[in-house]
Amino acid sequence: MLVGRCVAATARQQFTRQAPRQLYRPAFAQVQWKGYATTPEAEKVAKFKGQKGSDGKYMVTLIEGDGIGPEISQSVKDIFTAADVPIKWESVDVTPRLIDGKTSIPQEAIDSVTRNSVALKGPLATPIGKGHVSLNLTLRRTFNLFANVRPCKSIAGYKTPYNNVDLSLIRENTEGEYSGIEHVVVDGVVQSIKLITRAASERVLRFAFQYAQDIGKPKVRAVHKATIMKMSDGLFLSIAREVSKDFPNVEFDAELLDNACLKIVSDPTPYNDKVLVMPNLYGDILSDMCAGLIGGLGLTPSGNIGDECSIFEAVHGSAPDIAGKGLANPTALLLSSIMMLQHMGVTQHADRIREAIFKTLAEGRTITGDLGGKAKTAEYAEAVIKNL
Ligand SMILES: NC(=O)C1=CN([C@@H]2O[C@H](COP(=O)(O)OP(=O)(O)OC[C@H]3O[C@@H](n4cnc5c(N)ncnc54)[C@H](O)[C@@H]3O)[C@@H](O)[C@H]2O)C=CC1
Ligand SMILES: O=C(O)CCC(=O)C(=O)O
Ligand SMILES: [Mg+2]
């Protein structure tokens, strides 16, 4: 499996060298806000569109990803099999192809996610500088996964300077600094455009307020830099203020990004009662930073949520420094798979696996190197299975 992925990664690098320079063009289609049901139960029904097959199982798309992706995906597969989770995996490859001069992910992958309406994704590596656009972003854009939900919670038994971290970050997921609209003005001068639209801002902000209500957090805080990016972040902030009026039971305020970073690393616990919502790049950076507060990237899950389908993945990347060595901590992808099961309404299995994970971590006997243990990825997965 690992060999297969290495071949795919090499093919992608070769492809990268041949690919013509592309602009990452956003779709400017007006997005109709569909609203979210007020209870988590109803929300799941509204958003998860997958169907059980005649064998009583859901089909779920699996993108194993690069680097540590296949290793941590194997842990999820093993634990799901042991826990008898009623799903079947449909593995797809997202290595981009050049079709009519454009970089595209394979149609089979797009069809699979569209058909199943839910996917679990390992990390996908992005070449630095020249090369294909991030496949992670391409997937988010292709399926209009407008909200990236990134919870970050302390793990019982793993000691960090703060024991009670419970942060909720919502990152705008389709535009902002990640729009990839870049061009050379003259030699030595390049321009990169941060795109902020009313439509994308409003839908993620509404999502954040609804999410706060659904998970019982009383406050939403917009994180911004509208002092400097007066028009772009200014628009995001003014829409946040507008949207807040539709949620009178949720307190709203705003904070500058740099100050938020200082305060969160000094003491994150005053942020526990808030959902933080922000433009794309700020959410990217803040979520890695927050992972550092609870024990690292091996522990933080995420969900890319759209109206038609959703893709769940860890916050971390392909970790090339430890790939292929059996050292990766699969907890982040496992917790992402639990978010996925909750989203699908498969809650009993989700609860059972989550308890087994937390028990294994709290026992501290069979944990991976990032948490100070000696266990290999597969040994940790085996310990979780024993705790099921
Ligand atoms: N959503 C995605 O698929 C993402 C993809 N990437 C891509 O991943 C590649 C590598 O990026 P990096 O900056 O190195 O970030 P990274 O997140 O892959 O790794 C950062 C550090 O965290 C460690 N780490 C990450 N996940 C871990 C795990 N599960 N267990 C133990 N340790 C773990 C790594 O060993 C490394 O020291 C790049 O090509 C980047 O574009 C980066 C972030 C997200
Ligand atoms: O797509 C990439 O290469 C990076 C994405 C990323 O850092 C993230 O989603 O947090
Ligand atoms: Mg990131």
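Which handedness does the β-α-β unit made by β10, helix α7 and β11 have? Keep that in mind while I get us started. One thing up front, everyone: what we're looking at is a predicted model.

Okay, so the unit is right-handed. Its helix, α7, covers residues 232–244. On either side of that helix in the unit we have strand β10, residues 219–224, and strand β11, residues 251–256. Those two strands run parallel, and six bridges join them. If you want a spot to click on, try Lys219, which sits opposite Glu251 in β11.

Now let's move to helix α5, residues 135–142. This one is mostly covered, with seven of its eight residues buried. Among the buried ones are Leu135, Leu139 and, yes, the two arginines Arg140 and Arg141. And what's doing the covering? That includes α4, β13 and β14. Just past the end of α5, have a look at Asn144, where phi turns positive, at about 55 degrees.

Last stop, the ligands. Ligand 1 has 20 residues around it, and the ones that come nearest are Pro123, Ala125, Gly298, His316 and Gly317. By class, that shell splits into 10 nonpolar, seven polar and three charged residues.

Ligand 2 is surrounded by Thr126, Ser134, Asn136, Leu137, Asp284 and Val315. Here the classes come out as two nonpolar, three polar and one charged. And Asn136 takes us back to helix α5, where Asn136 is one of the buried residues.

Notes. Residues numbered from 1 in each chain as written. Chains lettered and ligands numbered in written order. Predicted model: local features only at pLDDT ≥ 70, side-chain atom pairs only at ≥ 80, totals over all residues. Pairing = 2+ DSSP bridges. Helix = DSSP H or I, 4+ residues; strand = E, 2+ residues; numbered from the N terminus. Right-handed = clockwise from strand over helix to strand, strands pointing away. Buried ≥ 20, exposed ≤ 12 C-beta atoms within 10 Å, placed from the backbone. Contact = placed C-beta atoms within 7 Å. Near = placed C-beta within 6 Å. Nonpolar A, V, L, I, M, F, W, Y, C, P; charged D, E, K, R; others polar.
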